[in-house]
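Here are my notes for you to read alongside the structure. Keep the 3D view open and look up each spot as we get to it.

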Amino acid sequence: MSYTRIAALRSAEQFCRHLAVLGISLPFDEEVMHGPNAPLAQPLDTGIRVIGNRFAVLPMEGWDGESDGNPSDLTLRRWQRFGASGAKLIWGGEAVAVRHDGRANPNQLVASQRTLAGLAKLREALVCEHAKQFGRTSDLLVGLQLTHSGRFARPNDKHRLEPKTAYRHPWLDRKFNVPEDAVMSDDDISRLVEDFGRAAAIAQRAGFEFVDIKHCHGYFGHELLSAFTRPGRYGGSFENRTRFLREVVAAVRASAPGLGIGVRLSAFDWMPFRPGPDGIGEPDVLSGAEQTNGHMPSHSVNLAANYPYAFGGDGTGMGIDLAEPKRFLDLLAELEIKLVCLTAGSPYYNPHIQRPALFPPSDGYQPPEDPLVGVARQIHVAAELKRYRPDLIIVGTGYSYLQEWLPNVAQAVVSQGWADVVGLGRMMLAYPDIVADILAGRPLQRKRLCRTFSDCTTGPRNGLISGCYPLDDFYRHHPHRVLLEQAKRESRISGVEFDIRQFQADKDGS
């Protein structure tokens, strides 16, 4: 399936016409302002600190820490580039496990006493680089994302899952060969709550001003939100499914008084997708027997629904119902948590709704929709939730695929109040100083724009470090580049390698 490349839309008129052809709408400012009065340069009171502009760096795992949970030189380099970006909100920087069995890979950072100095050094390197480039750091807010990878934990071997799940999930248990004894007990979860509290204290001692209690992308906190079929204290009702959050917040505040708290939330989820016969993603449909095998029905779940396991889903597996996400925002307000970063879905089973891209990672599928549709979906959901709770600070995501037109949409989103802050992920790996260029009114460096080749994901999927192999010279010449190319050649995603090479051959990216 072929979609129009963003780089081919060379004028604002062409871009907006293409949106109309797709039948979607995005806020769009034809003229991007710069200087102190520019919308994207406006300060914002986060409730923790007044930040100096409306850009955030989103957390990304590099698969490149040390085996003991400390950052490596590669981790340090990435964080220094985040500091040099010009963004004034660093949302977590990196997903950091609260204990060993919660690591997504054996090289993920861990928050512990033995990594305290390393985490402090990581933060200091970012702040120093920011000071070197921009002088002022009093309007820079740096947090640390705390997580347990749950179902997707690989603490000891990059190629072996050792899952800790919230409930028996017919689709995902089959997809990832999850054993029956992977479900955590209520007592297990209570002990995990204590680990989050201890990790928060480490983060505070390392100098971080807030922690993100991760509830997104299929990891443990997020999975609990869809634990409709789980019995006991942490499943069934909305109150039970959010008990973990409430208990973690209490543990953080007890162990780290004064530390700020934010939550990154997958505001909606869909059913898992798989490659169809033509490589294009399609819903992973199970038989009735497969759907009911191994899970425990609950009065609070609609078993007649096609897919009753999606927080923020409408039961069809491919639709959105924001009733519970709105209740979740109400709960955050009750807990006096103002910082919310919104995302969607999971990179492991429906990446096209979470991270719109033209090229899939090696274990993925060709996009079943124009990626701009996915961008618009996330931006509109964030806007609806911002309208519902205007008192919360909403960080929007999904912007990297906009490429040349990212500044125009970002400015319009902030100007019109659809979100308070624009979060950037993959773009920070390819072109971290895009923020500084936008705010200074400099033309974008088109050769450095992330074109969503997904090498930063294909690398980790094959046990390699993450980085922008196509556009960052450091990774382009890294020994893992050869292994990455080999992995892509062996990928089941036919035609991807040729497309990327053809795309890169055009020096201006068009």
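1. Let's start with one residue: where does Ala357 lie? Ala357 sits in the loop between α11 (351–354) and α12 (371–388). Before you go on, bear in mind that this is a predicted model.

2. Is Ala357 buried or exposed? Its relative accessible area is 13%, and since buried means under 20%, Ala357 counts as buried. Leaving aside its neighbours within four places in sequence, Ala357 is in contact with Pro367, Pro371, Tyr401, Arg426, Thr452 and Ser454. Also have a look at Cys450: it is 93 residues from Ala357 along the chain, yet the two C-alpha atoms are separated by 10.0 Å.

3. One of those contacts, Ser454, deserves a stop of its own. You'll find Ser454 in the loop between α15 (434–440) and α16 (455–461). Its phi is near 70 degrees, a positive value in a residue other than glycine. Ser454 is buried too, with a relative accessible area of 7%.

4. Now try Glu336, in the loop between α10 (323–334) and β11 (339–343). Here phi is near 60 degrees, again a positive value in a residue that isn't glycine. Glu336 is exposed: its relative accessible area is 67%, and the cut-off for exposed is over 50%.

5. Next, a strand. Ala95 belongs to β5 (residues 95–97) and is buried, at 2% relative accessibility. Not counting residues up to four places away in sequence, Ala95 touches Pro59, Met60, Glu61, Gln108, Leu109, Gln145, Thr147 and Lys214. Of these, Leu109 is 14 residues from Ala95 along the chain, with 7.3 Å between their C-alpha atoms.

6. Helix α3 (residues 116–134) is a nice one for checking a length yourself. At 1.5 Å a residue, its 19 residues should span 27 Å, and the end C-alpha atoms are indeed 27 Å apart, so the two agree. (The expected span is 1.5 Å times one less than the number of residues.) Right after α3 comes Gly135, whose phi is positive, near 80 degrees.

7. Which residues of α3 are buried? They are Leu116, Gly118, Leu119, Leu122, Arg123, Ala125, Leu126, Val127, Glu129 and His130. When you read that list, remember that an α-helix has 3.6 residues a turn, so residues three or four places apart point the same way. The buried residues of α3 pack against α2 (73–84), β4 (89–90), β6 (141–147) and α5 (186–205).

8. Over to α2, then. It has 12 residues and reaches 16 Å from first C-alpha to last, close to the 16 Å expected. Its buried residues are Leu74, Thr75, Leu76, Arg78, Trp79, Phe82, Gly83 and Ala84. Among the elements covering them are β3 (55–57), α3, α14 (426–430) and α17 (473–476).

9. Finally, zoom out. The chain has 19 helices and 13 strands. Its radius of gyration is 21 Å, close to the 24 Å that the globule rule gives for 510 residues, so the chain is as compact as a globular protein of that length. Its C-alpha atoms fill a box of roughly 55 × 55 × 45 Å along the principal axes, and 65% of the residues count as buried. Among contacts with a separation of 6 or more, 73% come from residues 24 or more positions apart.

10. What about the outside and the charges? The chain exposes about 18500 Å², with carbon and sulfur atoms supplying 50% of it. There are 58 positive and 59 negative charges, and their mean positions are 3 Å apart.

Methods. Residues are numbered from 1 along each chain as its sequence is written. This is a predicted model: local features need pLDDT of at least 70, side-chain atom pairs count only at pLDDT 80 or more; totals for chains, interfaces and linings use all residues. Side-chain values use heavy atoms; hydrogens and water are left out. Helices (H or I, at least four residues) and strands (E, at least two) are DSSP runs, numbered from the N terminus. Buried means under 20% relative accessible area, exposed over 50%, partly exposed in between (1.4 Å probe, protein chains only). Contact means heavy atoms within 4.5 Å. The radius of gyration is taken over C-alpha atoms; the globule rule is 2.2 Å times the number of residues to the power 0.38. Accessible areas come from the Shrake-Rupley method with a 1.4 Å probe; for residues, only the protein chains shown count as cover. Lys and Arg count as positive and Asp and Glu as negative; His and the chain ends are not counted. The place of a charge is taken as NZ of Lys, CZ of Arg, CG of Asp or CD of Glu.
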